[in-house]
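I opened the notebook for a look at how the parts of this model fit together. Here is what I looked up, entry by entry.

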Amino acid sequence: MLRVTLRNLLARKVRLLMSAFAIVLGVAFVAGTLIFTDTMSKSFDGIVEGSTPDVTVRPEGTGSWDQAPSADTRTIPASLVDELGELSGAERADGSVQSQSLTLVGSDGKLVTGFGPPTLSFNYDDAPAMTGEPAVVIAEGREPSAAGEVAIDATSAEKGGYEIGDTVTLVSTGDQPRLEVELVGLAEFGGGSMAGASLVLFDTAYAQELFLDGKDVFNQVALTTADGVTQQELAYEADQILPDGFEAVTGDAAAAQTEDLIGEILGFLTTILLVFASIAIIVGTFLIVNTFSILVAQRSRELALLRALGASRRQVSRSVLIEALIVGLVGSTLGVLLGIGLAQGLTALFKSFGLDVSETPLVIAPRTWIVGYVVGVLVTLVAAYLPARRAARVAPVAAMRDDVALPESSMRLRMLFGAILVVIGAGLLWLGLSGVDNGAWYVGGGAFSILIGVSLMSPLLSHPVLVTIGGLYRPFGLVGRMATQNALRNPRRTAATASALMIGLTLVTTMSILGSSVNKSVDVGVKKEFTTDFLLTNPVGAPFSTAIADQIREIDGVGDVVETQFVPARIDDNAFAAVTATDPPRLFDMFDLDATVDDLAADEIAVREDKADDLGLEVGDAMTVETQSGKYELAVAGTYPETNVTTEYLTSFAFVDLVKLTREDSFVAVNAAPGSSASEIEEPVRDVVADIPTVVVQTQQEFIDSQREQINGILMLINALLGLAIVIAALGIVNTLALSVIERTREVGLLRAVGMSRRQLRRMVRLEAVAIAVLGAVLGIAMGLVFGTVLQRVLDDEGITELSIPVGTLVVYVVIAAVVGVLAAVFPALRASRLNVLRAISTE
Amino acid sequence: MSDGPTPATTRSVAARAVDLHKTYGKQEAEVRALDGVSLDVYAGEFTAVMGPSGSGKSTLMHLLAALDTATSGTVFIGDTELARLNDKQLTKLRRDDVGFVFQAFNLVPTLTAQENILLPLSIAGRKPDQAWYDQVIDTVGLRDRLGHRPNEMSGGQQQRVAAARALVGRPTIVFADEPTGNLDSTSGAEVLKFLQHSVRELGQTIVMVTHDPVAASYTDRVVFLADGKVVDEMQAPTPEKILERMAAIQTRAMDAAAERSLEGGAA
């Protein structure tokens with residue numbers, strides 16, 4: 001029996017490959033995701049280990065706040081560094097000056113790292129990291145040794161078009177917005193890849209002048225253990241002499257802490273990519289079920305013969321399952337291999353966003369292979385189970401009959417089940433709409449249930465759609481009619497093939513409606529609320545010097561200027577909360593916010609009304625806010641109405657001093673003075689930041705456009721990933737049609753024999769493919785319309801206040817689906833038209 | 001060898017084969033399906049091609065019907081030499097000048113009887129000649145079943161639909177490959193009568209390949225094939241005469257085979 005199975009497989013290499021293709025793509029996506037994130041994480045581990053010393057002395061709590069956009073104002077005096085160096089367990093102690101306030105500008109005036117990874121500035125020294133190697137070595141030229149000298153990493157120098165001896169431009173968010181220094185050396189990072197970040201190195205005194213007001217102090221101290229001393233021993237020894245507010249952390253602990261933080265971000269990325277992988281696999285499962293159903297149907301006579309020769313039902317179904325197992329194994333193997341390519345593609349994609357891990361070799365962990373095989377084989381076996389059971393029910397007598405029809409399970413049960421799922425789904429959507437907590441989850445569950453239900457019911461639903469398409473095919477005459485009839489001939493097969501495309505298009509349509517609604521909401525919201533003439537922001541997200549706002553205030557004709565600064569914080573121990581420090585009365589005044597409080601003291605906080613309701617906070621309550629320098633008890637002083645102009649929590653600038661952050665601006669709103677107009681002050685305002693590429697001035701419309709650009713960028717990325725599902729669906733159409741053509745070989749031969757031209761035959765296959773594709777598109781878009789609309793209604797509270805249905809885009813999707821159909825038909829149509837007429841007619 | 005003279009001068013030729021050879025396989029495995037067949041098919045005549053299995057009768061019909069190409073030799077349909085045509089022209093020829101009836105009924109299952117009958121015309125984008133169409137439908141006797149699909153009809157009915165399809169475009173020649181092979185004798189007789197009727201009353205030219213002497217007895221002329229050659233022919237056949245002639249051919253073939261093996265043994 002096994003031999004028969006294997007023979008079968010070998011005799012149908014092409015079909016094997018085609019049915020494996022869905023598996024290959026699904027597994028490739030899973031494997032690619034795992035390989036890519038493993039590689040990222042290895043790359044970051046390299047960075048962390050290559051830059052973390054044996055023991056770090058730093059202000060308490062700093063470790064988990066590496067991403068804090070504003071610099072911590074707590075410093076370590078040089079005298080303490082000397083004391084630490086004299087510890088018996090320490091071989092050396094190196095004071096470290098660090099800043100992210102500078103950004104490297106290329107010789108072409110553009111930011112070298114784009115608006116992605118940071119520029120890391122610090123003082124150059126040869127202190128070894130825990131790997132024993134110095135974090136940074138000078139590969140070419142010499143180390144910076146005086147004011148006005150700099151060394152940068154070789155990759156950034158190349159990107160920026162700089163050579164040794166050139167004048168390098170750095171822009172600062174500090175008091176001195178633009179810095180021009182001489183490039184004296186090219187550095188190399190000891191940990192390998194820099195993930196796209198730029199390194200900027202100064203000598204210590206110059207770095208202190210730039211970042212620490214010229215005082216002989218440091219941000220951190222790197223301690224190196226003496227021979228035979230462990231990290232723990234040295235950290236303990238150092239802790240004894242440290243003043244309050246500082247801590248000594250072992251390299252292992254510091255690295256783990258950083259890696260955890262990176263892992264959190266990578267974990268998020270992995271989850272998103274795996275969601276798309278699952279979509280690919282669900283779509284792929286449909287195709288495998290379909291392919292195996294068709295293959296079993298075509299082989300039913302042969303299976304009946306096996307039964308007639310004494311094979312048991314179990315042997316027959318087992319032979320189908322073994323076939324599936326082999327297809328699964330082959331598909332998984334190819335899938336993981338393709339996944340390696342996909343990981344390379346992802347690496348290139350992220351490199352273009354500035355996150356460059358291309359210097360780290362791809363990490364293909366055994367786990368990746370195991371997961372790939374488990375997913376691929378399991379999915380194929382599950383998908384082949386039903387067709388295998390059906391195969392076993394072929395009566396032995398069928399071998400003797402001319403036309404064998406497989407016993408098909410009644411559609412009624414399937415329809416009933418589908419209808420129940422749709423009803424449950426509709427109920428969940430309704431619940432989501434009725435305003436329960438986490439409504440989006442109900443909508444998601446409901447959408448999933450409806451999607452599966454509609455997939456089950458699709459043989460029934462497809463009929464009216466196909467008949468309508470058939471009506472549109474009237475101009476094609478008989479060929480069009482036969483194409484429609486062929487699509488209607490086996491509703492299950494057509495519907496299953498279309499379902500794959502349907503799922504893809506449901507998701508794409510839902511995302512399009514959401515994206516379009518978000519855009520419109522931003523549009524409406526910004527026009528209503530951002531009533532100022534100009535906004536200053538930093539596209540990188542890093543804050544900038546308050547000097548800029550001060551300069552703008554000086555301009556004739558400028559009226560109100562309101563500054564805000566984001567303070568990263570945690571509230572309730574875990575949730576990242578956006579706390580904004582500002583000058584509250586002026587902010588409320590400028591944006592016409594009807595707040596219950598006027599000014600705030602350093603230990604007071606104002607909460608947005610809806611958030612206060614959610615958390616049950618009332619004026620006078622205390623709440624704990626944790627920042628980089630520790631936890632603070634703040635009193636709720638008042639509330640302000642829902643708005644998009646600021647975040648959920650407001651404090652005064654005094655709070656920034658309290659938590660020991662550098663006072664900087666994240667966002668500045670500018671109005672023309674009464675009697676002056678926006679156009680009058682536009683040029684002088686733009687002049688202020690003309691030399692600072694990290695700060696942009698935007699009018700209301702420019703602000704809307706930049707928001708749209710971000711939303712559209714995300715949307716494009718999502719659609720690109722969903723595009724994979726559509727590619728798989730297209731392959732499904734190819735597969736079904738190719739198998740149908742094989743099945744109808746005799747009929748094709750007959751049509752050719754009675755005079756149908758190759759062109760007409762190709763058109764017939766093509767029209768059938770287009771009918772299937774458009775069927776999938778119509779069902780998908782119909783569902784997407786429902787889901788998108790419901791989601792918008794549910795997310796009304798989250799700021800998506802407007803519903804916008806991008807009709808043009810949806811029409812384009814239908815056209816794309818038709819084109820997908822045309823493309824999918826190329827191979828099967830060619831195959832059909834190339835059939836030898838004589839052989840086709842005499843085919844059994 | 002033949003019954004009576006062949007009045008080639010008075011009748012026009014609908015199809016002609018000249019020294020046709022067809023071989024399959026190569027060298028030792030070479031099979032000569034046709035080994036120099038020359039044959040004229042006369043217009044308005046019902047011709048049967050008979051012979052034991054392996055005699056090359058199906059191959060001959062495939063070549064005559066432009067379904068296959070000969071290894072050497074030429075085929076004419078009317079005045080057209082097939083070897084000179086490209087695929088497009090061959091397709092047009094099959095559509096306009098040739099009709100087919102196959103052993104297995106070969107109807108398109110998704111189309112009704114009427115649509116199946118009109119299939120070649122629809123493919124060509126032509127309207128049927130209404131009078132001719134009515135005549136064909138009445139002859140075939142299926143007017144009340146035109147709206148049915150193939151799976152709603154009996155085997156005989158299906159084959160009559162296939163025959164009507166072959167006739168409706170008024171082709172130069174109709175080829176029928178064992179048209180009664182899948183039918184019981186009553187249904188088979190219906191189909192054969194219809195074919196005979198369409199030759200006698202409608203003036204159609206039909207070539208039928210068969211191994212059934214009863215079926216061949218409906219024709220005007222029987223051509224006998226053995227070992228890839230035309231070995232005999234007969235006018236106004238009856239089943240008894242055909243059986244007699246076939247037995248003779250069989251005996252001759254066996255003798256020849258015996259001789260060959262004797263020669264082989266001597267060498």
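**Entry 1: an annotated stretch**

I began with residues 720-836 of chain A, which are 84% helix and 0% strand in this predicted model. The C-alpha atoms at the two ends of that stretch sit 41 Å apart. I picked it since an unreviewed UniProt entry annotates residues 275-394 and 720-836 of chain A as "domain: ABC3 transporter permease C-terminal".

**Entry 2: the domains of chain A**

Next I wanted the domain layout. I noted domain 1 as 1-54 + 251-409 and domain 2 as 55-250. Domain 3 takes in 459-531 + 701-844, and domain 4 covers 534-698.

**Entry 3: domain 1 against domain 3**

How far apart are the C-alpha centres of domain 1 and domain 3 of chain A? I read off 24 Å. The contact draws on 27 residues from domain 1 of chain A and 27 residues from domain 3 of chain A.

I then checked the area buried between these two domains and found about 2400 Å², with carbon and sulfur atoms giving 75%. I looked for salt bridges across this interface and got 0. My search for residue pairs in polar contact, both at pLDDT 80 or more, also returned 0.

Which helices supply the domain 1 side? I found that helix H2 (13-51) and helix H7 (251-298) of chain A each bring at least two residues to it. H7(A) gives the most, with 14 residues. I sorted the residues on this side of domain 1 into 17 nonpolar, 7 polar and 3 charged.

**Entry 4: chain A against chain B**

I moved on to the partner chain. Here 21 residues of chain A are in contact with 23 residues of chain B. The two chains bury about 2100 Å² between them, 61% of it on carbon and sulfur atoms. I was curious which residues lead on the chain A side: A:Leu750, A:Val754 and A:Leu838 supply 27% of the area that chain A buries against chain B, more than any other three residues.

How many salt bridges did I find between chain A and chain B? The count is 1, and the side chains of B:Glu115 and A:Arg481 form it at 2.4 Å, N to O. I also counted 3 residue pairs in polar contact, both at pLDDT 80 or more.

For the helices, I listed H13 (477-489), H21 (745-753), H22 (758-794) and H24 (837-841) of chain A, each with at least two residues on the side that touches chain B. By class, I put that side of chain A down as 10 nonpolar, 5 polar and 6 charged residues.

Notes. Residues numbered from 1 in each chain as written. Chains lettered and ligands numbered in written order. Predicted model: local features only at pLDDT ≥ 70, side-chain atom pairs only at ≥ 80, totals over all residues. Heavy atoms only, no water. Domains from an automatic or database assignment. Contact = heavy atoms within 4.5 Å. Buried area = accessible area lost by both parts, 1.4 Å probe. Salt bridge = Lys/Arg side-chain N within 4 Å of Asp/Glu carboxyl O. Polar contact = N/O pair within 3.5 Å; in protein donor to acceptor, adjacent residues only side chain to side chain. Helix = DSSP H or I, 4+ residues; strand = E, 2+ residues; numbered from the N terminus. Nonpolar A, V, L, I, M, F, W, Y, C, P; charged D, E, K, R; others polar. UniProt positions renumbered as here; feature names shortened; annotations may be inferred.
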